[in-house]
Amino acid sequence: MFSFLRSLCLWISAALLVVIPILLAVDFGGVYHWSQYAAAIGIVVAVVFALPGLSDNTCSSGIRQHAILLPLGLLASWAWLQSCSLPEGFVGWLSPGVDAAYTQWLTGLEAAPAENSAAASGSRALSISPADTAHVAMILTLMLPLCWGASIVFHARSRLQMLLSAIAIAGASVAVLGFYRKLDPTADLWIFQPKASSFGGFVNRNNAALMMNLGLAASLGLLSWRMMALHHIELDDPDFEFNDLFALVSDRDSLVGLLSGTACIAGVLVNGSRGGLVAALFGIVLAFGYVRPQRGLISLPILIVVLAISVVILITPMNLNLETIQRWELFSPDADTLQSDGRLLHWQDGWQAAIAYLPGGSGVSTYAYAYLPYQDVSPGSWFEHADNFWLEMLVETGIVGVIVAVWLSVLLFIAMNHLSYSVDPLDQGLRVAGWYAIGAIFVSQIFDNGMILPANFIAAALLCTAIVSRNIANGGASVRPAEHQPHVMYDAESPYVDEYGEDADNDEDLTDQSSSDAQSAGGKIRFATRQKMAFARSGSWANRLGPIGIAITAVVAGVCLLPGLKQDAISNSMLARLDDEYANWQLNPKSLEKMEAVVKRRIELDDSPQLMMQLATIQRDRARLAETREWSPKSAEETLAIFRQTDLFKRDLPYPPRVATQQSETLESLAHYRDAWQTSLKTLATCPLAQEPRGSLIRLYPIIASPEVIATSELSQIDQIATTAADQLYIFYRGDATRLFALGEVSLDRGDIEASRKAFFAAIELEPNMTSAVMEHVRRTPELKVALTIPNESRAMQIAVADYLRWDSPDPAFLQRATETIRCGEGDSMAQRANCHALVGRVYFQLENVEKGKDYFERAIRLAPDQANHRVELIEFLLKNDLLADARGHARQGRQSLPDDPRFQRYIDQISASERDQLIQPNARPAVDQKKLEAILKTPD
């Protein structure tokens with residue numbers, strides 16, 4: 001009875017463990033904290049059900065089967081250490097970058113450290129966002145009970161088969177959901193995101209591709225296992241017959257692998273992830289090529305050919321396309337590839353950040369802030385992730401991350417090397433799955449960060465744990481190659497004995513697959529004998545103390561994590577709800593008041609920067625509503641208009657309200673604005689490299705620093721805070737032209753001309769097309785000085801000069817610089833080059849250099865002879881400079897080239913009329929030499 005109950009508990013535990021990654025994969029990969037909390041409950045329950053396995057020799061073989069817990073425990077412990085407050089000197093030694101974040105990057109924001117009790121006590125966290133690091137530390141700690149339970153449950157053959165099937169189904173489910181969405185774009189399931197880059201239940205196609213590659217690894221493992229179990233023949237064996245391959249179709253486990261593998265391959269091809277496809281290729285080569293001795297790459301499995309044919313059959317009749325192939329630059333020159341999407345450039349800045357935070361790292365889950373001070377060549381907008389898991393891990397965990405990665409790799413390589421000596425077909429299938437997964441993970445994570453998603457991480461952890469545990473089940477390091485061991489011949493018809501000396505009929509670890517599963521080509525099968533392990537030989541409780549201690553620790557750790565994960569889930573859910581419904585409550589003062597109270601109570605339990613910035617947003621909106629009332633609007637329309645004009649992003653009203661009857665110090669709006677100011681400063685104390693609080697400070701500055709509401713003694717400190725925030729945001733936004741432009745506008749509004757000029761200058765350097773918008777600000781604010789705001793970049797200078805020439809009294813020095821900067825013909829079409837030459841010609845005419853002006857306009861005409869405007873503009877300039885002959889010549893050429901345009905004939909007529917007028921006017925008569933006239937008229941004496 002006990003044996004039955006134990007077996008039932010182990011199967012329940014296995015079912016819970018394998019279903020978790022499947023459900024998380026459907027639920028956006030497990031990115032939401034509620035999903036993680038639910039997964040944690042499932043893991044704890046599964047671990048409890050796995051406890052009876054300690055009494056089963058086929059489940060528990062000693063401490064060594066839990067070897068994977070050591071590197072994972074090191075990583076989790078390091079994450080917890082990073083989230084804790086440590087002495088300042090210790091932090092400065094472990095991570096100079098973190099120390100600089102709390103010192104250099106808070107200098108000038110003196111109010112922020114004053115609010116930080118840790119800073120006041122001479123200690124600080126080894127993370128630049130301790131709240132985020134603490135949450136991920138809980139997730140990493142949760143992997144310890146997960147891997148312990150998996151090591152116990154999947155130590156046996158039967159449940160190991162279940163694991164491979166479950167991971168294969170998980171990958172296939174992602175593919176099927178992705179197909180469904182592509183076939184029916186109007187599908188309105190809650191898991192579908194309206195993003196072009198989403199696939200299945202994942203928001204990012206690369207993350208989905210990793211799960212499908214893990215599913216494909218398990219599928220190939222299943223197929224390899226069944227091929228060897230049914231036929232005891234390798235795919236590249238000379239005796240291999242093609243009929244053996246089709247025999248797999250009638251086998252249940254083979255059918256699961258075949259269908260799942262087909263779906264996963266199709267999904268990788270269709271979802272659009274180039275990194276996923278490259279990872280699949282490397283995984284195949286590693287699993288079936290390099291690690292197979294004396295076989296080489298010439299014998300890639302015929303199974304792959306069969307799967308490829310199946311994929312073609314599957315997708316050809318449907319309205320699908322191979323988006324992954326189409327996104328290759330080879331087939332689509334305009335595709336967004338590694339050379340054009342900015343990742344390669346950003347990795348340089350990520351590497352500089354990693355060096356700055358060595359040896360301790362910046363804190364787990366802090367990359368979005370960590371790289372900001374070290375930007376130099378990063379293009380585009382804010383990089384929330386490095387799109388390189390290994391680089392991100394190095395930045396966040398430092399040397400410890402390297403040690404953990406190497407340690408895990410060594411454990412897996414040793415385990416799979418030992419599995420290669422096993423004659424058990426299931427071990428060989430597990431080895432194939434393991435090598436494929438290692439290759440796919442290593443390669444794909446160079447271009448992605450999908451391993452940070454719980455769905456992918458848990459699936460990979462289960463597979464790796466099973467590999468290490470199964471290696472110990474086979475004897476671990478004591479196993480020897482079969483050719484160097486004695487062999488025992490077993491008849492396929494008779495029961496055989498396992499390595500523990502127990503009958504197979506009484507051992508669930510060696511279930512009878514079928515008579516063909518134990519039948520070799522000659523009617524016999526050889527099982528290499530393995531040395532008995534010490535734990536198996538001895539049933540004393542002394543040898544059980546280690547596994548029992550680990551089990552108790554795993555259960556306690558899991559249970560202790562649940563309250564923290566629940567609180568994080570509540571906070572995350574609150575933020576998500578506010579994000580979805582905030583617009584409905586924004587104009588209701590009572591709702592905002594209640595919301596602020598709820599968020600404040602939540603911050604007492606969870607001081608995450610996201611919650612604190614949400615509180616600042618609520619306080620700003622409460623201030624806007626109060627200010628709207630203080631303006632005393634007369635109607636609902638006027639109320640709405642005033643509320644819109646108080647928007648801090650584009651404020652059009654002065655402060656304080658001029659019609660307010662009360663004193664400025666007692667204004668309700670001012671109290672809320674000051675609360676938002678203080679909340680932003682407190683946020684920086686807990687997350688010193690955050691961007692949003694600094695932006696909030698700059699937008700609040702014109703209100704907080706209004707002379708009517710602040711004493712002169714306080715103005716200098718507030719001005720210093722705003723200036724420091726603007727200078728730091730200039731560094732943080734160096735790769736984002738849009739944000740730099742917005743920073744320039746905000747700095748201009750608060751009267752900081754120099755900060756505004758720097759931001760505009762940098763924005764134009766990144767995006768020359770913003771020059772027109774910048775020139776509007778320069779026109780309205782002459783203090784910006786066009787010569788200092790426009791960089792020496794050809795395209796930007798063209799746009800600026802085209803606008804500047806219409807201004808009154810343009811600066812000749814700037815125009816002269818423009819002629820030296822503008823380069824026509826750099827990648828432009830003929831029409832663009834012609835327009836550029838015409839622009840330079842206008843500049844030279846403005847500079848009164850007529851000859852060069854004529855020369856550039858003539859170049860424009862030669863490049864675009866069918867464009868009448870260039871000829872007309874040149875003729876106008878020549879007429880203004882009284883060059884009638886040149887004007888007539890160009891008019892005649894225009895009439896000849898463009899006879900349908902009547903303007904050229906009018907110019908010819910105008911010039912001829914002008915010349916006739918000059919002939920008939922008195923002042924047009926030839927001048928008379930008076931001396932000659934007097935000499936002629938003079939009479940001789």
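This passage describes the overall make-up, helices, nonpolar cores, salt bridges and one surface patch of a predicted model.

The protein contains 941 residues, of which 54% are buried. Its secondary structure consists of 41 helices and four strands. The accessible surface amounts to about 42200 Å², and carbon and sulfur atoms account for 57% of that area. When contacts between residues at least 6 apart in sequence are considered, 76% of them join residues at least 24 apart.

Two helices illustrate the geometry and burial of individual elements. Helix α9 spans residues 157-183 and has 27 residues. From its first C-alpha to its last, α9 reaches 39 Å, close to the 39 Å expected at 1.5 Å a residue. The helix is mostly covered, with 20 of its 27 residues buried. Helix α12, formed by residues 252-270, has 19 residues and reaches 27 Å between its first and last C-alpha atoms, close to the 27 Å expected at 1.5 Å a residue. Helix α12 is likewise mostly covered, 15 of its 19 residues being buried. Just after α12, G272 adopts a positive phi of about 95°.

The interior was examined next. In soluble globular proteins, nonpolar side chains tend to be buried together. In the present model, the largest nonpolar core comprises 188 residues, and those with the most contacts inside it are W148, F154, Y436 and V801. Helix α8 gives the most to this core, contributing 13 residues. A second, separate core contains 24 residues, including F845, F857, L863 and F877. Within the largest core, V801 is one of the residues with the most contacts. Apart from neighbours within four places in sequence, V801 is in contact with F814, L815, A818, L839 and V843. Helix α8, which covers residues 130-153, also holds H135. With a relative accessibility of 9%, H135 counts as buried, because this value falls under 20%. Residues up to four places away in sequence being left aside, H135 touches H33, Q36, L565 and D568.

Charged side chains were considered in turn. Side chains of opposite charge can pair when their charged atoms come close. A search of the whole structure finds 19 salt bridges. One of these joins K600 and E596, whose closest N and O atoms are 3.3 Å apart. Both residues belong to helix α24 (residues 589-605), where they are four residues apart and therefore separated by about one helical turn. The two partners differ in their surroundings: K600 is partly exposed at 39% relative accessibility, whereas E596 is buried, with a relative accessible area of 3%.

Other salt bridges connect separate helices. The side chains of E668 and R629 meet at 3.1 Å, N to O. E668 lies in helix α27 (residues 668-686) and R629 in helix α25 (residues 609-630), so this pair ties together parts that are 39 residues apart in sequence. Both side chains count as partly exposed, E668 at 36% relative accessibility and R629 at 43%. A salt bridge is also formed by E873 and R842, with an N to O distance of 2.9 Å. Here E873 is located in helix α38 (residues 868-880) and R842 in helix α36 (residues 830-846), so the pair ties together parts that are 31 residues apart in sequence. The relative accessible area is 21% for E873, which is partly exposed, and 23% for R842, which is also partly exposed. In addition to these pairs, R157, D424, D427 and R470 are linked in a network of salt bridges.

The surface carries a nonpolar patch of about 510 Å², made by M1, F4, L5, L8 and I12. L8 is found in helix α1, which covers residues 2-26. L8 is partly exposed, with a relative accessible area of 40%; the residue therefore satisfies the requirement of over 30% for membership of a patch.

Conventions
Residues are numbered from 1 along each chain as its sequence is written. This is a predicted model: local features need pLDDT of at least 70, side-chain atom pairs count only at pLDDT 80 or more; totals for chains, interfaces and linings use all residues. Side-chain values use heavy atoms; hydrogens and water are left out. Patches are made of residues with over 30% relative accessible area and no salt bridge: like charges are joined within 9 Å, nonpolar side chains (Val, Leu, Ile, Met, Phe, Trp, Tyr) within 5 Å. Accessible areas come from the Shrake-Rupley method with a 1.4 Å probe; for residues, only the protein chains shown count as cover. A salt bridge is a side-chain nitrogen of Lys or Arg within 4 Å of a carboxyl oxygen of Asp or Glu. Helices (H or I, at least four residues) and strands (E, at least two) are DSSP runs, numbered from the N terminus. Buried means under 20% relative accessible area, exposed over 50%, partly exposed in between (1.4 Å probe, protein chains only). The expected span of a helix is 1.5 Å times one less than its number of residues. Contact means heavy atoms within 4.5 Å. A nonpolar core is a set of buried Ala, Val, Leu, Ile, Met, Phe, Trp, Tyr and Cys residues joined through side-chain atoms within 4.5 Å.
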